[in-house]
Amino acid sequence: MTQEQASVITIFGGSGDLARRKLYPALFQLYRHGILHDHFAVIGTARRPWTNEYYRDVIATSLEGEAGAVSDSVHAFASHFYYQSHDVTDADHYVTLRKLSAQLDDKYSAGGNRLFYMAMAPQFFGIIASHIRSEQLLSASGYNRLVIEKPFGHDFDSAKELNDSINSAFDEDQIYRIDHYLGKEMVQSLMAIRFGNPVFKPIWNRDYVDNVQITLAEAVGVEERAGYYETAGALRDMVQNHIMQLIAYVAMPEPESLTPAAVHQAKRSILESLKPLTTAQAADNFVRGQYVGDTPDQRDYVQEDGVAADSKTETFVAGRIELTDSAWTGVPFYVRTGKHMTRKSTQITVNFKPTEHNIFAPVGCPDLSGNSLTIFVEPEEGYRLVVNSKQLGQDYHVGQFPLNFRHTANEIANAPEAYEHLIQDALAGNQTNFTRWHELKATWQYVDKIREAWDASPDMPTYESGSMGPSASDDLLAKYGDSWSWDGSAND
Ligand SMILES: NC(=O)c1ccc[n+]([C@@H]2O[C@H](COP(=O)([O-])OP(=O)(O)OC[C@H]3O[C@@H](n4cnc5c(N)ncnc54)[C@H](OP(=O)(O)O)[C@@H]3O)[C@@H](O)[C@H]2O)c1
């Protein structure tokens, strides 16, 4: 049901890449669908000296190619945007913003609601939050919500410091920490698959699941993000947040309801059950790699612009994760992510154990395979369930047959994009698809141990661009008698 949301939205970093590529198109789609309509204004703020007119041209340009972006609606939408040039480290900035927010609230009858969106480098998050409070930008008559982009910290200590500084200005129920994977359709559908199907619900545990695999493969290299990536690497950029969130959704117990509190509690119980690693276990169970290549598009990582020639930043991670939760003890969660891999695809595969009693062994089928369910998260979106069945023919041979479903390209194009989902949730005050501090605490503490193990070792295996990572990644699973599940051909 469409319900218009009234708000004055302030975007810190209004001239940046994220705002232009993701936030303005998402806000436009919300406008198109009536979630934003008459009673909203957007203030974009950054240092460069733009006028409102220039800013509105930037908004229009960022909407080129968007569904429904015809001239009249783009013009009407952009008329709600205002630009305020200032440096966020300057307290006077916030006084100007406070006055402009109040003025726009009156003009658009925004109900005193304030959404502050931090689309800026993380080192500014704390200072912006504390200035919002000290310079009295918080509204007394409506809600005040803070949306924070990733990365949330660099390790546990910096994440805690950031969290403390934000908590001194905002309560936890006012904070919306973005992990944009939680806005993706197929991630949101994980709960429906698990808890809406009696066929899966009773077998989704250690009694029936052999292993779970999560691959987040990127086809691109570091591109223009070397400055950030050199300080992060694949472990911090992808594992601490997206992969851990996917583990939480795959493994969490059924929440009592779909309320944010119930879902967060269920996720927290899983992330707090990540089996602690010693440094030696971290070194044994995680491998890293750096891409190499000899074409202009796929050269060595250390030859990329902005990358140090002796860089020890990993562009690939694979690991074996265990949980202490009683439903999952002993079940390995194999995860991997990397740049310049074979193709872009995020896939989650649950490999079930084979049936214990194999009546087909005497007729020539000694090794009956377990079923597997693959959830294709992106770019293709759908499922594949592999079942055993009789092969056609006189003899009784059992083979594996895939049951496939994919949403069509048209359906995907018409579904809300992750940022549209998440901004709509933040406007509606629904925190379900945002991360909580206890989740971040648990995942940073886990990941810090891996970092510690790697920092103590100079080893940096390489892998060919266009491959699925270094051979050490395959060896890791082979050590446990497993191999990677991967659909390399799904419908691009
Ligand atoms: N880009 C993405 O696809 C993406 C994806 C996921 C997460 N993120 C996260 O989103 C955030 C923003 O990323 P981005 O790629 O949009 O960065 P960006 O393109 O570098 O934009 C940074 C913005 O901050 C402004 N800014 C910098 N210093 C400022 C200051 N002292 N006072 C006021 N404004 C200042 C810049 O404008 P001026 O130079 O004019 O001041 C610009 O608008 C980061 O936390 C990033 O990790 C980005």
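**Around the ligand: a short tour**

Let's start at the ligand. There are 21 residues around the ligand, and Ser15, Asp17, Arg21, Arg47 and Arg48 come nearest. One caution before we go on: this is a predicted model.

What kinds of residues make up that shell? Nine are nonpolar, five are polar and seven are charged. Which helix gives the most to the shell? Helix H1, residues 17-32, with three residues. Leu18 has its place in helix H1 too.

Now the polar contacts. Take Arg48. One of its polar side-chain atoms is 2.6 Å from an oxygen atom of the ligand. Next, Gly13. Here a polar backbone atom sits 3.4 Å from a ligand oxygen. Then Asp87. A polar side-chain atom of Asp87 lies 3.0 Å from a nitrogen atom of the ligand. And how much of the ligand is covered? On its own, the ligand has 880 Å² of accessible area, and the protein covers 78% of that.

What does the record say? In an unreviewed entry, UniProt lists a set of residues under "binding site". From the N-terminal part of the chain, the list includes Gly13, Gly14, Ser15, Gly16, Asp17, Leu18, Ala19 and Arg20. Also on the list are Arg47, Asp87, Val88 and Lys150. From this set, Lys150 is in the lining of the largest cavity.

Stay with Lys150 for a moment. The peptide bond from Lys150 to Pro151 is cis, with omega near 0°. Where is Pro151? In the loop between strand S5, residues 144-148, and helix H6, residues 156-167.

There is another cis bond to show you. The bond from Glu378 to Pro379 is cis, and omega is near -5°. Pro379 is in a loop as well, between strand S12 (372-378) and strand S13 (382-390).

One more backbone detail: Gln136. Its phi is near 60°, a positive value, and the residue is not a glycine. Gln136 lies in the loop between helix H5, residues 125-134, and S5. Why point these spots out? Because most residues other than glycine have a negative phi, and most peptide bonds are trans.

Let's step back to the whole chain. The domain assignment gives domain 1 at 7-149, and domain 2 at 182-417 + 438-478. How far apart are the C-alpha centres of domain 1 and domain 2? They lie 35 Å apart.

UniProt has a domain feature of its own. The unreviewed entry places "Glucose-6-phosphate dehydrogenase NAD-binding" at residues 11-188. Over residues 11-188, the chain is 44% helix and 15% strand. The end C-alpha atoms of that stretch are 26 Å apart.

To close, back to the ligand. Keep Arg48 in mind, with its side-chain contact of 2.6 Å to a ligand oxygen. Keep Asp87 too, with its side-chain contact of 3.0 Å to a ligand nitrogen.

Terms used: Residues numbered from 1 in each chain as written. Predicted model: local features only at pLDDT ≥ 70, side-chain atom pairs only at ≥ 80, totals over all residues. Heavy atoms only, no water. Near = heavy atom within 4 Å. Polar contact = N/O pair within 3.5 Å; in protein donor to acceptor, adjacent residues only side chain to side chain. Areas by Shrake-Rupley, 256 points an atom, 1.4 Å probe, with all protein chains shown as cover. Helix = DSSP H or I, 4+ residues; strand = E, 2+ residues; numbered from the N terminus. Nonpolar A, V, L, I, M, F, W, Y, C, P; charged D, E, K, R; others polar. Domains from an automatic or database assignment. UniProt positions renumbered as here; feature names shortened; annotations may be inferred. 1 Å grid on protein atoms, 1.4 Å probe; cavity = no way out; pocket = protein on both sides within 12 Å on 5 of 7 lines; lining within 4 Å.
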